[in-house]
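Please open the structure in your viewer and keep the sequence panel beside it, since this tour moves from one selection to the next. At each stop, select the residues named and then read what is there.

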Amino acid sequence: MIDTMLERKERILAFMREDAYKPLLFGELVTVLDVPKEDIPLFQNVLDELEAEGKIFKTQKDRYGVPERMNLIVGRLQGNERGYGFVIPDDENIKDIFISADSLNGAMHNDRVIARINKKVIGDKSAEGEIIKILERANKTVVGTFESSKYFGFVVPDDRRISGDIFIPKDEINGAKSGQKVIAEIVLWPKKRRNAEGRIIEILGDKDEPGTDILSIIKQHNLPEEFPESVIKQAKSIPQAVTEEMIKGRRDLRDLRMVTIDGEDAKDLDDAVSIERLPNGNYKLGVHIADVSYYVTEGSPLDKEALKRGTSVYLVDRVIPMLPKELSNGICSLNPQVDRLSFTVMMEIDSNGKVVDHEIFESVIRTNERMTYTDVYKILVEKDKELSKRYDYLVEDFKTMEELALILRNKRMQRGSIDFDFDEAKILLDENGKPIDIKRYEITIANKIIEEFMLVCNETVAEHFFWANVPFVYRVHEDPDTDKIESFSEFVHNLGYTLKGINKIHPRALQDLLEKIKGTKEERIISTVMLRSLQKARYSHLSVGHFGLAARYYCHFTSPIRRYPDLIIHRIMKEYLKGQLNEKREEYLVDALPEIARICSERERVAEEAERDTEDLKKVEYMKQFEGNVFEGIISNVTSFGMFVELDNTVEGLVRMSDMDDDYYTFDDKHYCLIGERTRKVYRIGDVVKVVLVKADIGARRIEFTLYKDEDAEEAMDSDIEILEEETPKRKRKAKAADKEILDHIQGKKKDKAKKRAEKSSKKKEKSEKKSEKKSKKKGKKNQEE
């Protein structure tokens with residue numbers, strides 16, 4: 001077998017991880033590992049690569065060792081706008097490391113770094129450290145607002161996690177003017193007490209100019225706006241119609257009744273569904289996915305660009321597609337009444353939701369209708385007569401789909417799949433990109449039909465290819481960290497709930513808890529804290545299961561137009577089904593898939609950040625017109641510096657603790673609440689409050705609220721508090737984690753105890769008096785007898 005670079009690296013790392021190993025010089029390593037003279041340059045290259053990857057560390061005395069045995073942590077720096085940061089370790093079993101502003105040593109947000117631990121974890125506090133090496137710079141360019149002075153300029157980064165402005169020398173301003181959005185290329189990296197230095201390489205436009213805001217976010221996240229010429233050329237060469245030659249060897253399903261069901265705005269229709277009730281009472285569900293892999297061949301310009309992008313990005317005003325429109329909206333999109341190449345999974349499902357049989361094959365299809373979630377909802381729930389008449393030949397299919405979807409959903413819930421009920425926003429824009437309304441996006445039975453059908457399809461595919469024992473890309477969600485679950489369990493216990501089996505938590509226990517709290521005041525707080533206690537889903541070449549779905553096998557197969565992992569497994573599936581997976585090909589996939597999975601996970605995170613940033617921007621822009629208005633909202637989060645309040649339209653803003661001037665508040669991190677020292681007033685996640693919109697800061701993408709002061713209510717509360725203070729002076733000093741309601745309850749108990757003590761004392765006194773009286777009478781009688 002060929003001695004690959006990967007194998008060499010693994011042997012070196014294994015040697016350095018041995019207990020007996022002590023950091024050695026290069027020459028000593030050459031001797032100990034018996035490196036042939038002719039291989040010494042190659043050996044040096046391997047060590048250099050390992051050092052660049054952060055797998056090994058070279059000390060100031062030129063000795064090599066592995067970071068984990070040298071009190072060092074390798075990871076990515078997450079900056080904070082206040083100047084400090086945290087190192088998020090590569091090893092997910094290690095907690096984040098706090099890095100003070102003075103210990104960053106020139107590192108910037110998102111840089112890959114090595115940190116030395118100076119203070120270990122004490123109680124709930126994070127370990128503290130300092131950056132000693134920067135492995136990879138993340139911010140070669142910075143997007144921000146340019147400000148000029150007489151002799152120089154500077155760029156204020158849009159990403160507030162990049163602390164410190166970028167200094168721009170006068171001769172590198174390149175025509176930029178104050179207030180313009182620009183891109184600055186960093187020429188000199190920051191050092192201790194010295195900002196980064198750069199030059200302006202692109203002017204995006206005035207910050208208030210329509211379109212500049214979204215363009216700035218696109219540039220900030222390095223999202224590719226245009227496709228390279230070679231990609232466009234290949235896309236345009238692909239025919240926009242299916243030919244007889246393409247159909248050869250495929251199963252013809254063009255006469256099978258099927259539809260797509262998507263949102264009104266969707267143009268990349270990559271999944272269609274068909275349904276049939278079998279004579280034995282079972283359901284025959286067909287999930288038909290666009291066969292993108294037929295057109296995007298491995299190693300082609302289209303394929304390389306798709307991997308580079310990893311996913312389509314759905315911004316608030318546009319889509320940045322993974323594939324050019326000739327494919328995403330054209331030949332690959334399952335548009336109605338046209339022939340399309342597809343990859344079909346046909347499943348027989350019984351009345352309990354179990355897949356009793358399935359087939360996977362290449363097909364050619366022709367969808368009957370392009371349905372929307374809204375129309376299907378109106379047909380099924382609102383019984384819309386006009387739509388029911390228009391789609392009369394499909395109405396029974398929709399009813400059967402609803403029936404099966406509810407069976408599948410019930411089965412999924414029974415096994416413990418976790419179902420969070422967080423609302424999403426729909427932001428409506430005018431032709432200039434200005435937000436005109438924000439609404440909650442409702443998830444209806446129509447959405448759930450497609451969701452359940454795609455989930456069962458993805459599970460079926462993943463399980464099939466797991467047992468086929470071929471290289472694959474899975475969608476995984478690891479079990480949560482035990483420490484986080486223990487903390488969460490303690491938290492819910494304080495609210496009166498019990499979490500079962502925390503040492504080896506099962507998702508069923510979490511779903512049971514969500515069902516118990518449904519509709520209660522604690523629902524929001526418990527759901528939020530639970531979500532934070534879980535890991536983040538990602539792609540992997542290993543099948544370790546999906547905790548959130550309570551699924552042993554899971555993958556992403558159903559969206560190859562917009563996700564690269566789906567596309568790569570389509571290729572693998574085809575090769576396996578056609579018997580083309582030989583030993584050499586499998587070896588290649590085993591080596592390539594871990595890196596492909598890593599890239600796809602990373603690009604997914606970038607896309608999510610960009611999508612969230614554009615939503616936040618438009619929400620703030622929309623709320624600007626309501627500054628000074630009073631709103632009712634729900635406390636969505638509580639922190640050491642204040643609390644976040646979410647309005648009915650999903651807009652979220654901060655009430656700073658420093659602005660809560662009716663009392664001095666302290667943060668109870670165990671109960672996620674703020675407690676007033678004098679008033680004992682408590683603010684928790686889930687509480688309804690009235691707030692005033694003080695500021696909608698578009699530049700910072702931030703909403704700032706203050707609590708609305710109702711004078712009448714304040715007077716009533718003050719009166720209550722005065723009485724409370726008179727009755728319970730000791731309780732006032734001792735209570736640290738109770739609100740007024742709890743305090744009243746405790747006070748009531750104290751009164752009951754005091755009353756019982758008084759009654760007991762009175763009875764005792766009465767008994768004593770009777771005893772004394774009896775004794776006295778007895779003595780008097782004796783004296784009389786004498």
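Begin by selecting residues 507-517, which are helix H14, together with residues 523-533, which are helix H15; these two helices pack at an angle of about 160°, with their axes 9 Å apart. Helices here are DSSP runs of H or I with at least four residues, strands are DSSP runs of E with at least two, and both are numbered from the N terminus. The axes are lines fitted to C-alpha atoms, for helices over the stretch in contact, and angles run from 0 to 180 degrees between N-to-C directions. Two packed helices are described by the angle between their axes and the distance between the axes. H14 and H15 are therefore roughly antiparallel to each other, where angles under 35 degrees count as roughly parallel, over 145 as roughly antiparallel, 65 to 115 as roughly perpendicular and the rest as oblique.

Before going further, please note that this is a predicted model, in which local features need pLDDT of at least 70 and side-chain atom pairs count only at pLDDT 80 or more, while totals for chains, interfaces and linings use all residues. Residues are numbered from 1 along each chain as its sequence is written, and side-chain values use heavy atoms, with hydrogens and water left out.

Stay with the pair and show side chains: Leu510, Leu513, Leu514 and Ile517 in H14 meet Glu523, Ile526, Ser527 and Met530 in H15, where contact means heavy atoms within 4.5 Å. By class, this contact of H14 with H15 has six nonpolar, one polar and one charged residues; Ala, Val, Leu, Ile, Met, Phe, Trp, Tyr, Cys and Pro count as nonpolar, Asp, Glu, Lys and Arg as charged, and the others, Gly among them, as polar.

How many of the eleven residues of H14 are buried? Eight of them are, and H14 is thus described as mostly covered, where buried means under 20% relative accessible area, exposed over 50%, and partly exposed in between, with a 1.4 Å probe and protein chains only. Among the buried residues are Pro507, Arg508 and Ala509, and what covers the buried residues of H14 includes helix H11 (395-415), helix H13 (482-494) and H15. Just after H14, select Gly519, which takes a positive phi of about 85°.

Next, select Arg412, which is found in helix H11. Arg412 is buried, with a relative accessible area of 5%. Leaving aside neighbours within four places in sequence, Arg412 is in contact with Ser417, Glu451, Glu452, Leu455 and Leu549.

Now move to the barrel, where five strands close in the order E26-E27-E28-E33-E32 with mixed pairing; two strands pair if DSSP finds at least two bridges between them. The twist averages 50° from one strand to the next. Helix H17 (residues 583-623) packs on this sheet, touching strand E26 (630-639), E27, strand E32 (688-697) and strand E33 (702-707), and the direction of H17 makes about 95° with that of E32. Within the barrel, strand E27 (residues 642-647) and strand E28 (residues 652-656) pair in the antiparallel sense over five bridges, and the bridge partner of Met643 in E28 is Val655.

Keep H17 selected and add helix H7 (residues 301-309), since H7 and H17 pack at an angle of about 55°, with their axes 8 Å apart. H7 and H17 are therefore oblique to each other. Their contact is made by Leu307, Lys308 and Arg309 of H7 and by Ile596, Ile599, Cys600 and Arg603 of H17.

A further stop is an open sheet of three strands in the order E29-E30-E31, with antiparallel pairing. The edge strands, each pairing on one side only, are E29 (665-668) and E31 (682-684). E29 and strand E30 (residues 673-676) pair over four bridges, and Asp668 has Cys673 in E30 as its bridge partner.

Finish at strand E4 (residues 85-89), where Gly85, Val87 and Pro89 point to one face and are buried, while Phe86 and Ile88 point to the other and are not. Strand E3 (residues 72-79) pairs with E4 in the antiparallel sense over five bridges, and Arg76 stands opposite Ile88. In the hairpin of E3 and E4, which has five residues between the strands, Gly83 takes a positive phi near 110°.
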